[in-house]
Amino acid sequence: MAQQVGLSKAAVSQVLNDHPASRVSADAAARIRAAAGELGYRPNLTARSLTTRRSGVIGLVSEAITTDRFGSGMIRGALAEAKRQGHVLFITETEDQQDAMAAAFGVLIDHQVDGLVYASIRPHPVDLPDVGGGIPTVMLNAVATRPTATVLADERAGGEEIVRLLLDAGHTDDVVVIGRDRASTVEWSTAAIERRLDGITTALEAHGVVPLAEVDCHPWDPDHGYAAMRELLAAGRRPAAVIALNDRLAFGVYRALAEVGLSVPDQVSIVSFDDDDIALYLEPTLTTAALPYEAMGAMAVRLLLQPNLVPAEHLVPMPVRVRGSVAAVPQAIRTFDRPR
């Protein structure tokens with residue numbers, strides 16, 4: 001760079017490092033900074049002594065997870081694992097804005113972080129800025145549009161496991177799926193939703209179970225779960241078991257059933273996903289497959305600090321919280337027992 005602008009290396013160093021005793025003219029300083037911009041130069045803000053040791057800092061770029069009651073679990077897990085490995089977490093928030101993402105990455109790179117984690121509340125494709133410099137990057141509950149190490153919940157296995165719990169209880173007739181109809185084409189679906197539904201479908205088909213009904217709902221909130229169940233009941237389609245694709249839909253289903261005098265789980269069993277805090281305060285408590293956000297955050301940091309990080313997908317199991325919303329079908333009226 002010094003040769004390019006026709007100045008000494010000392011002069012270039014003084015300008016780029018904002019040396020207070022610099023005597024470089026304003027015009028020469030402008031030429032140096034312009035050349036630095038063309039070359040993609042970034043000053044090392046934390047290691048100007050030219051040391052090569054690690055900074056001990058990890059950058060976490062958040063897409064709204066800092067303000068989400070679910071997503072904050074990813075931060076707790078990442079913080080705990082970073083502390084365990086002698087690192088601190090530098091957290092920035094983008095609110096899903098592309099320009100804010102680029103700015104956040106730039107600031108973290110300037111501070112010479114040891115690696116970057118990009119975390120999202122919804123696992124969707126993300127166009128990451130070019131981090132350059134070989135800085136390791138891990139996607140947390142998001143998928144980069146280029147090959148990158150990625151941490152996701154194992155939605156397919158979670159779907160299979162929660163449905164098998166119903167099957168183990170003898171529920172093979174009059175099963176209703178609330179949240180997504182496989183026969184429909186919807187623009188709002190994500191890869192995570194499709195994997196969750198694939199797991200449900202795989203478990204049902206393995207036992208020859210055909211749902212009584214599958215209902216599209218969007219967004220997945222209590223109002224839509226309530227409306228979907230009310231419409232089914234009004235049409236004379238009474239379920240013996242309900243698979244709600246998230247807990248918030250299940251909350252609405254509970255209310256709709258209660259209004260017509262159907263009890264959970266004696267008359268209708270319900271399973272769901274996410275492990276919302278309110279699931280513990282329903283009566284009866286809701287059986288659900290939990291989103292393992294804390295474990296995902298910890299795994300992202302562990303991967304990031306590995307010496308040889310490679311692009312790959314890493315799936316974290318969804319633990320099933322078995323509670324009070326599933327009752328066994330009496331043996332005498334079961335269609336069949338689960339194959340052993």
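**Exercise 1. Find Pro 265 in this predicted model and decide whether it is buried or exposed.**

Start with the place along the chain: Pro 265 sits in the loop that runs between helix H9 (247-259) and strand E11 (269-274). Next, check the accessibility. The relative value for Pro 265 is 15%, and the cut-off for buried is under 20%, so Pro 265 counts as buried.

Now look at who surrounds it. Setting aside neighbours within four places in sequence, Pro 265 touches Pro 284, Gly 324, Ser 325, Val 326 and Ala 327. To finish, take a distance: from Pro 265 to Leu 286 you move 21 residues along the sequence, and the C-alpha atoms lie 9.8 Å apart in space.

**Exercise 2. Work out how H8 and H9 are placed relative to each other.**

Helix H9 came up in the previous exercise as one end of the loop holding Pro 265. Its partner here is helix H8 (residues 222-234), and the two axes come within 6 Å, crossing at roughly 40°. That angle is neither under 35 degrees nor in the 65 to 115 range, so H8 and H9 are oblique to each other. As for handedness, the crossing is right-handed.

Which residues make the contact? On the H8 side they include Gly 225, Tyr 226, Met 229 and Leu 233. On the H9 side, look for Leu 249, Phe 251, Gly 252 and Val 253, among others.

**Exercise 3. Describe the crossing of H4 and H10.**

First, locate the pair: helix H4 covers residues 72-84 and helix H10 covers residues 293-304. Their axes come within 6 Å and cross at roughly 40°. That makes H4 oblique to H10. The crossing of these two is right-handed.

Then go through the contact. H4 brings in residues including Gly 73, Met 74, Gly 77 and Ala 78, while H10 offers Tyr 293, Gly 297, Ala 298 and Val 301, among others.

**Exercise 4. Explain why Gly 71 counts as buried, and list its contacts.**

You'll find Gly 71 in the loop between strand E1 (57-63) and H4. Its relative accessible area is 0%, so Gly 71 is buried. Beyond neighbours within four places in sequence, Gly 71 is in contact with Ile 65, Ile 121 and Tyr 293. Tyr 293 should look familiar: it is one of the H10 residues in the contact with H4. For a distance, try Ala 119, which is 48 residues from Gly 71 along the chain, with 8.8 Å between the C-alpha atoms.

**Exercise 5. Trace what the side chain of Asp 114 reaches.**

Asp 114 belongs to the loop between helix H5 (98-110) and strand E3 (115-120). With 12% relative accessibility, Asp 114 counts as buried. Its side chain reaches the backbone nitrogen of Ser 55 at 3.0 Å. A polar contact of 3.1 Å also links the side chains of Asp 114 and His 87.

**Exercise 6. Step back to the whole chain and judge where its confidence is low.**

The chain has 340 residues, and 49% of them count as buried. Its secondary structure adds up to ten helices and 14 strands. Average pLDDT is 86, with 82% of the residues scoring at least 70.

Where does pLDDT stay under 50? One stretch is residues 45-53, with eight contacts in the model beyond four places in sequence. Residues 336-340 are also below 50, and that stretch has seven contacts beyond near neighbours in sequence.

How values were computed:
Residues numbered from 1 in each chain as written. Predicted model: local features only at pLDDT ≥ 70, side-chain atom pairs only at ≥ 80, totals over all residues. Heavy atoms only, no water. Helix = DSSP H or I, 4+ residues; strand = E, 2+ residues; numbered from the N terminus. Buried < 20%, exposed > 50% of the residue type's maximum accessible area, 1.4 Å probe, protein only. Polar contact = N/O pair within 3.5 Å; in protein donor to acceptor, adjacent residues only side chain to side chain. pLDDT = per-residue confidence, 0-100. Contact = heavy atoms within 4.5 Å. Axes fitted to C-alpha atoms, helices over the stretch in contact; angles between N-to-C directions. Parallel < 35°, antiparallel > 145°, perpendicular 65-115°, else oblique. Left-handed = near helix turned anticlockwise from the far one by under 90°.
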